[in-house]
Amino acid sequence: MDRQTRAIRLDSAQLGAELGERATLVQFSSAFCQPCRATRRTLGEVAGMVDGVTHIEIDAEAHLTLVRELGISRTPTVLVLDATGRIVRRAVGQPRTVDAVAALGRAM
(Lines give C-alpha, C1' and ligand atoms only; values in the text may rest on other atoms or scores of the structure.)
Protein backbone atom coordinates (compact mmCIF):
# COMPACT_ATOMS: atom_id res chain seq x y z
CA MET A 1 0.00 0.00 0.00
CA ASP A 2 1.39 3.40 -0.91
CA ARG A 3 1.87 6.32 1.48
CA GLN A 4 -0.93 8.29 -0.14
CA THR A 5 -3.46 5.56 0.70
CA ARG A 6 -2.15 5.36 4.26
CA ALA A 7 -2.75 9.09 4.72
CA ILE A 8 -6.45 8.76 3.91
CA ARG A 9 -8.93 8.84 6.76
CA LEU A 10 -12.51 7.74 6.31
CA ASP A 11 -15.40 8.79 8.53
CA SER A 12 -18.91 7.59 9.27
CA ALA A 13 -20.45 10.05 6.78
CA GLN A 14 -18.40 8.59 3.91
CA LEU A 15 -19.04 5.00 4.96
CA GLY A 16 -22.70 5.34 5.92
CA ALA A 17 -22.14 3.66 9.29
CA GLU A 18 -20.34 4.33 12.56
CA LEU A 19 -16.68 3.38 12.88
CA GLY A 20 -15.69 0.74 15.39
CA GLU A 21 -14.38 1.90 18.74
CA ARG A 22 -11.03 0.18 18.17
CA ALA A 23 -10.99 -0.69 14.44
CA THR A 24 -13.22 -1.04 11.39
CA LEU A 25 -13.22 -3.64 8.61
CA VAL A 26 -14.56 -1.99 5.44
CA GLN A 27 -15.54 -4.37 2.66
CA PHE A 28 -16.28 -3.17 -0.87
CA SER A 29 -18.55 -5.67 -2.62
CA SER A 30 -20.62 -6.05 -5.76
CA ALA A 31 -23.92 -7.83 -6.25
CA PHE A 32 -22.73 -10.85 -8.25
CA CYS A 33 -19.40 -11.36 -6.50
CA GLN A 34 -19.28 -14.88 -5.04
CA PRO A 35 -16.12 -14.28 -2.93
CA CYS A 36 -17.85 -11.20 -1.45
CA ARG A 37 -20.39 -13.43 0.31
CA ALA A 38 -17.69 -15.53 1.93
CA THR A 39 -15.78 -12.37 2.84
CA ARG A 40 -18.91 -10.95 4.50
CA ARG A 41 -19.18 -14.08 6.66
CA THR A 42 -15.48 -14.08 7.56
CA LEU A 43 -15.31 -10.39 8.47
CA GLY A 44 -18.59 -10.57 10.36
CA GLU A 45 -17.21 -13.44 12.45
CA VAL A 46 -13.94 -11.60 13.10
CA ALA A 47 -15.79 -8.41 14.13
CA GLY A 48 -17.92 -10.53 16.47
CA MET A 49 -14.83 -12.08 18.09
CA VAL A 50 -12.92 -8.84 18.76
CA ASP A 51 -14.43 -6.19 21.03
CA GLY A 52 -14.67 -2.72 19.54
CA VAL A 53 -14.38 -3.87 15.93
CA THR A 54 -17.07 -3.12 13.36
CA HIS A 55 -17.60 -4.60 9.88
CA ILE A 56 -19.07 -2.29 7.24
CA GLU A 57 -19.97 -3.61 3.80
CA ILE A 58 -20.26 -1.09 0.96
CA ASP A 59 -21.87 -1.73 -2.41
CA ALA A 60 -19.12 -0.57 -4.78
CA GLU A 61 -21.56 0.13 -7.62
CA ALA A 62 -23.64 2.44 -5.43
CA HIS A 63 -20.59 4.37 -4.14
CA LEU A 64 -18.57 5.00 -7.30
CA THR A 65 -17.13 8.32 -6.11
CA LEU A 66 -15.62 6.69 -3.03
CA VAL A 67 -14.45 3.69 -5.08
CA ARG A 68 -12.62 6.02 -7.47
CA GLU A 69 -11.12 8.12 -4.65
CA LEU A 70 -9.71 4.97 -3.05
CA GLY A 71 -8.58 3.35 -6.30
CA ILE A 72 -10.65 0.22 -5.80
CA SER A 73 -10.69 -1.88 -8.96
CA ARG A 74 -11.88 -5.33 -7.77
CA THR A 75 -14.27 -6.80 -5.27
CA PRO A 76 -13.96 -7.83 -2.60
CA THR A 77 -11.51 -5.20 -1.44
CA VAL A 78 -11.06 -4.91 2.33
CA LEU A 79 -9.71 -1.87 4.14
CA VAL A 80 -8.70 -2.06 7.79
CA LEU A 81 -9.13 1.25 9.58
CA ASP A 82 -7.76 2.22 12.98
CA ALA A 83 -9.95 3.94 15.59
CA THR A 84 -9.49 7.31 13.87
CA GLY A 85 -10.50 6.00 10.44
CA ARG A 86 -6.98 5.91 9.01
CA ILE A 87 -6.40 3.09 6.51
CA VAL A 88 -3.72 0.79 7.92
CA ARG A 89 -4.14 -2.26 5.64
CA ARG A 90 -5.68 -2.99 2.26
CA ALA A 91 -6.29 -6.38 0.67
CA VAL A 92 -7.98 -7.59 -2.49
CA GLY A 93 -9.71 -10.95 -2.61
CA GLN A 94 -11.24 -13.23 -0.03
CA PRO A 95 -9.33 -13.04 3.27
CA ARG A 96 -8.70 -15.91 5.63
CA THR A 97 -9.82 -15.42 9.22
CA VAL A 98 -6.24 -15.55 10.50
CA ASP A 99 -5.20 -12.81 8.04
CA ALA A 100 -8.08 -10.56 9.06
CA VAL A 101 -7.22 -10.97 12.75
CA ALA A 102 -3.54 -10.24 12.04
CA ALA A 103 -4.46 -7.11 10.08
CA LEU A 104 -6.56 -5.91 13.03
CA GLY A 105 -3.48 -6.25 15.21
CA ARG A 106 -1.84 -3.51 13.15
CA ALA A 107 -4.87 -1.25 13.57
CA MET A 108 -5.22 -1.50 17.35
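Reading a predicted model: pocket, sheet and fold

Modeller: In this predicted model, the largest pocket holds about 200 Å³ of space.

Biologist: Which residues are the closest to the centre of the largest pocket, and which elements give two or more residues to its lining?

Modeller: A pocket is read through the residues around it. Here 15 residues line the largest pocket, and the closest to its centre are A91, P95, D99, A100 and A103. The elements that give two or more residues to this lining are β3, β4 and α5.

Biologist: How many residues of that lining are nonpolar, polar or charged?

Modeller: The lining of the largest pocket divides into 10 nonpolar, 2 polar and 3 charged residues.

Biologist: Turning to the whole chain, how many helices and strands does it have, and how do the elements run from the N terminus on?

Modeller: The protein chain has 5 helices and 4 strands, and from the N terminus on its elements run α-α-β-α-β-α-β-β-α. Its radius of gyration is 12 Å, close to the 13 Å that the globule rule gives for 108 residues, so the chain is as compact as a globular protein of that length. Along its principal axes, the C-alpha trace spans about 30 × 30 × 25 Å.

Biologist: In what order do the strands form the sheet, and which of them stand at the edges?

Modeller: A sheet is read strand by strand across its width. In this case 4 strands form an open sheet in the order β2-β1-β3-β4, with mixed pairing. Strands β2 (53-59) and β4 (87-92) stand at the edges, and because each has a single partner strand, one side of each is left without a neighbour in the sheet. From one strand to the next, the twist averages 15°.

Biologist: In which sense do β1 and β3 pair, and which helices pack on the sheet?

Modeller: Strand β1 (residues 23-29) pairs with strand β3 (residues 77-82) in the antiparallel sense over 6 bridges, and the bridge partner of V26 in β3 is L79. Helix α3 (residues 34-49) packs on the sheet, where it touches β1, β2 and β3, and its direction makes about 170° with that of β1. Helix α5 (residues 97-107) also packs on the sheet, touching β1, β2, β3 and β4, with a direction that makes about 35° with that of β3.

Biologist: Where is there a cis peptide bond?

Modeller: Most peptide bonds are trans. In this chain, a cis peptide bond joins T75 and P76, with omega about 0°, and P76 has its place in the loop between α4 (64-70) and β3.

Definitions and conventions: Residues numbered from 1 in each chain as written. Predicted model: local features only at pLDDT ≥ 70, side-chain atom pairs only at ≥ 80, totals over all residues. Heavy atoms only, no water. Pairing = 2+ DSSP bridges. Axes fitted to C-alpha atoms, helices over the stretch in contact; angles between N-to-C directions. Contact = heavy atoms within 4.5 Å. 1 Å grid on protein atoms, 1.4 Å probe; cavity = no way out; pocket = protein on both sides within 12 Å on 5 of 7 lines; lining within 4 Å. Points joined across faces, edges and corners; volume = space filled by probe spheres on them. Nonpolar A, V, L, I, M, F, W, Y, C, P; charged D, E, K, R; others polar. Rg over C-alpha atoms; globule rule 2.2 N^0.38 Å.
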